[in-house]
Protein chains: 2
Amino acid sequence: MKKAETTRLTILQKAFELIYVKGYLTTSIDDIIATTEVTKGAFYYHFKTKDEMGLAIINDILKPTLISSFIQPLQNEQNPIDAIYNLMDNLLMKNEFLKVEYGCPASNFTQEMTPWNADFNNALNELTKQWTKVMTATIEKGKKNGFIREDVNAKQVTLFVMSGYWGIRNFGKLENSKKVYLPYLKELKSYLNSLK
Amino acid sequence: MKKAETTRLTILQKAFELIYVKGYLTTSIDDIIATTEVTKGAFYYHFKTKDEMGLAIINDILKPTLISSFIQPLQNEQNPIDAIYNLMDNLLMKNEFLKVEYGCPASNFTQEMTPWNADFNNALNELTKQWTKVMTATIEKGKKNGFIREDVNAKQVTLFVMSGYWGIRNFGKLENSKKVYLPYLKELKSYLNSLK
DNA sequence: CATAAAAGATACCGTTTAGTATTTTTGCAA
DNA sequence: TTGCAAAAATACTAAACGGTATCTTTTATG
């Protein structure tokens, strides 16, 4: 029972790495079993279809990782301006899970799968909804504690900030360099300060 | 010489529509020739490979369209705050070429092709560079004419605004609704006004 | 240590893919 | 009208794809 769980996890992890780099559709099951050194029989023992594995990647790999790096950091800090800025700075400049050249895995999945696979869509939508919820709550709390102006619309700001993040990751991917992150972070800071 | 040019263009246009909806990799040449009612012989008479056609789509379809809807609108208006806001409002709410549910075609191409095709990368990079250039120039002009504070960093703002656009298109695609565009535009307006 | 079930290996199937080779039609100049 | 190249239609190939069927090895348990 334990060995099986191990192989399942290595399949998911290695498959995620491949998919993060090459995309879901261009990563074949043969690719996956080649790099994991697991056979096709083993693969189909653990997953009924390729898409079932894709969803497992989202739920078992992406979700916990993103929760710990996108959501938990927001819940620790008091000042939402610092919280959001530090979160972005960490995500863009320091996080080792997210690589510039490959963009944001959640965003990649969205772009690729959304037009034709509703299950992936739902799984990813849930992730962003959670992020939205926590960030909005952080801002609302900041309004009460006097860190943020009362007339600021928390949901609007959340959407605006999240959009910027998704977009800048796209830029980083396109230019294949973290250089663009620095001016983005600077402008983010001055935007956030305008909410005081 | 004229009939040939016509079939070439219909191939490109119909192929673009398919790719915009389904993605480049999932759109097969058989799909394309089926919807264009052009035979494979005709297709390969006009394009050596699928990728050559893909690049032709970027250069002959995407580029002129995006230039007229992303770049030219910026050059007409005086006040950069209005110029940028109206541009975004048009792109998100009014433009008929860009559909919510399918995201931004340039962004889609980037996400899909960037990891493994350098030619696509360059073609797309050039497009965004042009957009950056024009928007930055608009802001700089606005600084001189007193529409924008002198201490504002034009390039930073451009990057920030463009990132937001790319990101919100991703959101629209994910939620499959223009609803998210409205709060985004509201917050964009108040951000732009903070640059006065 | 025997045995059944879990886990994994191997060979293969049907289909789809991008691309090619060959043939046929079309448009136009002489 | 004929000649001939440009354009398009048809028929095909080889490889890759996701998925399945079948067989073998491990592992847990009496």
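Me: Which side chain has an N or O atom 2.8 Å from a base oxygen of DNA strand C?
Reply: Keep in mind that this is a predicted model. We're after a polar atom in a side chain that sits 2.8 Å from a base oxygen of DNA strand C. A polar contact needs a pair of N or O atoms within 3.5 Å, so this pair makes the cut. The side chain belongs to Lys40(B).

Me: And what about the phosphates: which side chain has an N or O atom 2.7 Å from a phosphate oxygen of DNA strand C?
Reply: There are two phosphate distances to look at here. One, at 3.0 Å, involves a polar backbone atom of Ile29(B), so a side chain isn't what reaches the phosphate oxygen in that pair. The other, at 2.7 Å, does come from a side chain, and that one is His46(A).

Me: Which element gives the largest share of the surface near DNA strand C?
Reply: Four elements give two or more residues each: helix 1 and helix 3 (40–46) of chain A, plus helix 2 (29–36) and helix 3 (40–46) of chain B. The largest share is five residues. Those five come from helix 3 of chain A.

Me: How many charged residues does the surface near DNA strand C have?
Reply: There are 17 residues around the strand, with Thr39(A), Tyr45(A), His46(A), Lys40(B) and Lys50(B) coming nearest. Split by class, that surface has six nonpolar and seven polar residues. The charged ones number four.

Me: What percentage of the DNA strand C atoms within 4 Å of the protein belong to sugar or phosphate?
Reply: Each of those atoms belongs either to a base or to sugar or phosphate. The bases get whatever is left once sugar and phosphate are counted. The sugar or phosphate part is 64%.

Me: Now the two protein chains: how many salt bridges does the rule find across the interface of chain A and chain B?
Reply: The chains do meet, with 40 residues of chain A in contact with 40 residues of chain B. The rule also finds eleven residue pairs in polar contact across that interface. For salt bridges, though, the number is zero.

Me: Which helix of chain A gives the most to the side that touches chain B?
Reply: Helix 1 (2–22), helix 6 (105–113), helix 7 (118–144), helix 8 (154–175) and helix 9 (181–193) each supply at least two residues. The top contribution is 15 residues. That comes from helix 8.

Me: About how much area do chain A and chain B bury between them?
Reply: Carbon and sulfur atoms carry 67% of it. On the chain A side, Gln111(A), Phe160(A) and Leu174(A) lose the most, together 20% of what that side buries. Between them, the two chains bury about 3,700 Å².

Terms used: Residues numbered from 1 in each chain as written. Chains lettered and ligands numbered in written order. Predicted model: local features only at pLDDT ≥ 70, side-chain atom pairs only at ≥ 80, totals over all residues. Heavy atoms only, no water. Contact = heavy atoms within 4.5 Å. Buried area = accessible area lost by both parts, 1.4 Å probe. Salt bridge = Lys/Arg side-chain N within 4 Å of Asp/Glu carboxyl O. Polar contact = N/O pair within 3.5 Å; in protein donor to acceptor, adjacent residues only side chain to side chain. Near = heavy atom within 4 Å. Nonpolar A, V, L, I, M, F, W, Y, C, P; charged D, E, K, R; others polar.
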